[in-house]
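User: Please take a close look at the charged side-chain pairs in this model, and explain how each is placed along the chain and how far it is covered by the protein. A short account of the surroundings would also be welcome.

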Amino acid sequence: MNWAPAVLISVLTMVMVPRALQHWVRKEFAAALRAVVAWVIMSSALAWTPQIAGWLTKRLRGGLLIGDGQEGPAQKPAHTGAERGFDSIPWDTVLLVAGAIAGTAVVLLVAWAMADGIRDRRRRAMQASTRLADLKARHDAVRDAYGEFETNLLDNLDRLALAYVTVPQTADFIDALDAARDARIMATAGQDLEPYRKAVLALENAFRTADHHARQVGTSFLAPPARSSIERAQYCLATATANSATEHERRVAAQRAIEVVKQVVPDPTKAVAALEKTTRLGLEAS
């Protein structure tokens with residue numbers, strides 16, 4: 001029955017080809033090659049065995065071999081069209097089987113390619129989302145560190161240079177902060193993450209450099225009168241938060257500290273707000 005090999009080969013293809021593709025996706029190339037070779041051998045055997053068996057049977061019956069195992073003159077039977085060995089192979093069936101194999105393989109390859117493409121797009125999207133979240137976290141860490149400095153300026157006078165954009169290192173940091181903000185907007189909008197990655201890296205380096213420089217110079221980069229004002233503000237702040245002082249003394253000291261801060265700090269808004277909150281809490285506690 002000519003349809004039997006075609007059915008068996010189709011079933012074999014449905015089993016072996018996906019297995020080979022699975023090994024290939026996992027980069028198990030040796031196993032994939034073995035599966036392909038096994039598929040080719042078994043498919044060929046199923047396609048050719050019926051014809052070969054018939055051909056050998058007819059040759060044996062024709063006297064190519066003698067029953068006692070000795071070779072003898074072969075009798076030449078009269079061959080009909082159906083007894084000509086390979087000439088009698090039904091090529092239409094062979095072509096049908098080959099077409100079924102090729103069609104099945106093509107369908108499986110297309111399905112695998114589509115599935116792999118979908119998985120690859122999802123993987124890239126997840127990787128991009130993870131990278132963006134990591135870059136945002138690093139960006140926010142720098143912004144939070146600088147925000148903590150601004151809101152607690154009087155507690156960070158040892159690096160007051162971070163508040164002065166006239167200091168070259170601080171100016172570079174502020175520029176990097178603006179560049180990272182713009183790059184973040186572009187990356188969040190779905191554009192390439194590489195500019196944002198470079199901007200965040202530049203921001204981290206700029207902040208590290210500016211902070212290191214500010215800690216080294218302290219308040220020494222200021223003129224002597226400004227340094228004296230800062231010392232006076234620190235003394236007033238200590239008085240405004242001391243429990244041993246009267247309420248009137250604390251209020252006066254707090255007001256003097258605020259006036260000094262306004263004169264010394266370039267952008268005193270956040271520093272004054274933090275100072276007012278600190279002294280108000282101290283007065284309420286007393």
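Analyst: A residue is called buried when its relative accessible area is under 20%, exposed when it is over 50%, and partly exposed in between. These terms are applied below to a predicted model.

The setting comes first. The protein chain has 286 residues, of which 30% are buried. Its secondary structure consists of eight helices and zero strands, and the elements therefore read α-α-α-α-α-α-α-α when followed from the N terminus.

Side chains of opposite charge can pair when their charged atoms come close. In this model, 11 salt bridges are counted, and three of them are examined here.

One salt bridge is formed between the side chains of Arg 138 and Asp 134, with a distance of 4.0 Å from N to O. The two residues are about one helical turn apart, because they lie four residues from each other in helix H3. Asp 134 has a relative accessibility of 42%, so this residue counts as partly exposed. Arg 138 is also partly exposed, because its relative accessible area is 26%.

A further salt bridge joins Asp 211 to Arg 159, at 2.8 Å from N to O. This pair connects distant parts of the chain: Asp 211 belongs to helix H5 (residues 194–217), Arg 159 sits in the loop between H3 and H4, and 52 residues separate them. Both Asp 211 and Arg 159 are buried.

Within helix H4, Arg 181 makes a salt bridge with Asp 178, and their closest N and O atoms are 3.7 Å apart. As these residues are three positions apart in helix H4, about one helical turn lies between them. Arg 181 is partly exposed, because its relative accessibility is 43%; Asp 178, at 31%, likewise counts as partly exposed. Some salt bridges share partners: Glu 148, Asp 158, Arg 159, Asp 211 and Arg 215 are joined in this way into one network. Arg 159 and Asp 211, the buried pair described above, thus belong to that network.

The loop that holds Arg 159 offers two further points of reference. Ala 163 lies in this loop, between helix H3 (91–151) and helix H4 (168–188). With a relative accessible area of 18%, Ala 163 is buried. Its C-alpha atom is 7.5 Å from that of Glu 150, which is 13 residues away along the chain. Asp 155 is placed in the loop between H3 and H4 as well, but this residue counts as exposed because its relative accessibility is 61%. The C-alpha atoms of Asp 155 and Gln 234 are 9.2 Å apart, although 79 residues lie along the chain from one to the other.

The surroundings also include enclosed space. There is one cavity of 30 Å³ or more, and the largest cavity has a volume of about 50 Å³. Its lining includes Leu 154, Leu 157, Ser 229 and Val 260. Helix H6 (224–240) and helix H7 (247–264) each provide at least two of the lining residues. By class, eight of these residues are nonpolar, one is polar and none is charged. Ser 229, located in helix H6, is buried because its relative accessible area is 11%.

Terms used. Residues are numbered from 1 along each chain as its sequence is written. This is a predicted model: local features need pLDDT of at least 70, side-chain atom pairs count only at pLDDT 80 or more; totals for chains, interfaces and linings use all residues. Side-chain values use heavy atoms; hydrogens and water are left out. On a 1 Å grid over the protein atoms alone, a cavity is a set of points where a 1.4 Å probe fits but cannot get out, and a pocket is an open set with protein on both sides within 12 Å along at least five of seven lines; lining residues have an atom within 4 Å of a point. Grid points are joined across faces, edges and corners, and a volume is the space filled by probe spheres set on the points. Ala, Val, Leu, Ile, Met, Phe, Trp, Tyr, Cys and Pro count as nonpolar, Asp, Glu, Lys and Arg as charged, and the others, Gly among them, as polar. Buried means under 20% relative accessible area, exposed over 50%, partly exposed in between (1.4 Å probe, protein chains only).
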